Amino acid sequence: MRRFGLDILLLLLFILTMGFRLLAQTWHEVLGLALLVGMLVHLWLNRRWFTSWLRGRWGRVRVLQTVMNVLLLVSSLVALGTGMVISNHVLVQFLIHVPLHHNILVHQLHIASSFVMLAFLGMHIGMHWRGLWQRLRRVPVLGRLDAHPVLRGWLLVLLFWGGCAYARLDHMGDRLLLRHIFSTPASQLPVGVSYLLLVCLLALFAILFYYLQAHWQQKAQAKRAEEVGAR
């Protein structure tokens, strides 16, 4: 339960931090540092994952999951590291004389890597969704979705298109290409709507990875069944 609580806290910290236009910059930096500390604790609690690389069989699904997790870690370190370098409040007294502090490319890399981190974090959620859902379904409102597959389907559709809408409104593609953007239509949205669409974008990548993983797992199971049948 402690690990699950930490995971939920990290998710909330990330969503709040990604709404950098909706927060005072000082709070953005404070939340970013809290996210870094929480991420390091999360890695320490799950340190056995790194030692497990030398054990077991490496199938397509395991390779997919491992690559995704490594890319999540790398993008997180880049996003949080560049954020520390360009800090204008919390760490400014330590970094004001660092040559890269005012480098526009570092600012653009910080934003781009944050969106990459968002994509892989969504995939990470999608990878663990079955286990997460077993806990979340205990919430009465969420538990009712199991009994209403049509409602669940419409919710997935709304999350998917909400994520697509936010990616377009916030020019996510341009940000990933390190283009300097001053303002986007997303910055004009009300705070609640902006955060809601941000969650939809996170859910978009979770949905895509969940079904890709399920497809590959089904193919792997079918292949093993054929091998057993051939024997």
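## Salt bridges, cysteines and a surface patch

User: Asp-170 and Arg-175, are they buried or exposed?
Analyst: Both Asp-170 and Arg-175 are buried, with the caveat that this is a predicted model.

User: How far down does Asp-170 go in terms of relative accessible area?
Analyst: The relative accessible area of Asp-170 is 1%, and because buried means under 20%, Asp-170 falls in that class.

User: What joins the side chains of Asp-170 and Arg-175?
Analyst: They meet in a salt bridge, with a distance of 3.3 Å from N to O.

User: And where is Asp-170 found?
Analyst: Asp-170 is found in the loop that lies between helix H9 (149–169) and helix H10 (172–176). Its side chain also has a polar contact of 2.8 Å with the side chain of Thr-184, in addition to the salt bridge with Arg-175.

User: How many salt bridges does the structure hold?
Analyst: The structure holds two. Besides the pair of Asp-170 and Arg-175, the side chains of Arg-179 and Asp-174 meet in a salt bridge at 2.6 Å, N to O.

User: Are Arg-179 and Asp-174 buried or partly exposed?
Analyst: Arg-179 counts as partly exposed because its relative accessibility is 49%, and Asp-174, at 25%, counts as partly exposed as well. For the other salt bridge, by contrast, both Asp-170 and Arg-175 are buried.

User: Back to the loops, which residue between H9 and H10 has a positive phi?
Analyst: That is His-171, which is not a glycine and yet has a positive phi of about 55 degrees; its place is in the loop between H9 and H10. With a relative accessible area of 28%, His-171 is partly exposed.

User: What about phi of Leu-178?
Analyst: Phi of Leu-178 is near 65 degrees, again a positive value in a residue other than glycine. Leu-178 sits in the loop between H10 and H11, and a relative accessible area of 32% makes it partly exposed.

User: Switching to cysteines, how many disulfides turn up?
Analyst: A search of the whole structure finds zero disulfides. Cys-164 is in none, and the nearest cysteine sulfur to it, that of Cys-200, is 9.9 Å away.

User: Why does that pair not count as a disulfide?
Analyst: A disulfide needs two cysteine sulfur atoms within 2.5 Å, and the sulfur of Cys-200 is 9.9 Å from that of Cys-164, so the pair does not qualify. As for their surroundings, Cys-164 counts as partly exposed at 27% relative accessibility, whereas Cys-200 is buried, with a relative accessible area of 7%.

User: Which residues form the nonpolar patch on the surface?
Analyst: Phe-50, Trp-53, Leu-54, Trp-58, Val-63, Val-67 and Leu-71 form it, with about 660 Å² of accessible area together. Helix H4 (residues 60–85) gives the most, namely three residues. Val-63 has its place in that helix and counts as partly exposed at 38% relative accessibility.

User: And helix H1, how many residues and what reach?
Analyst: Helix H1 (residues 2–18) has 17 residues and reaches 24 Å from its first C-alpha to its last, which is close to the 24 Å expected at 1.5 Å a residue. Its buried residues include Phe-4, Leu-10, Phe-14 and Met-18.

User: Last one, how far apart are Val-191 and Gly-19?
Analyst: In sequence they are 172 residues apart, while in space their C-alpha atoms are 8.7 Å apart. Val-191 is found in helix H11 (residues 191–230), where, at 45% relative accessibility, it counts as partly exposed.

Conventions: Residues numbered from 1 in each chain as written. Predicted model: local features only at pLDDT ≥ 70, side-chain atom pairs only at ≥ 80, totals over all residues. Heavy atoms only, no water. Patch = residues over 30% accessible without salt bridge, like charges linked within 9 Å, V, L, I, M, F, W, Y side chains within 5 Å. Areas by Shrake-Rupley, 256 points an atom, 1.4 Å probe, with all protein chains shown as cover. Salt bridge = Lys/Arg side-chain N within 4 Å of Asp/Glu carboxyl O. Helix = DSSP H or I, 4+ residues; strand = E, 2+ residues; numbered from the N terminus. Buried < 20%, exposed > 50% of the residue type's maximum accessible area, 1.4 Å probe, protein only. Expected span 1.5 Å × (residues − 1). Polar contact = N/O pair within 3.5 Å; in protein donor to acceptor, adjacent residues only side chain to side chain.
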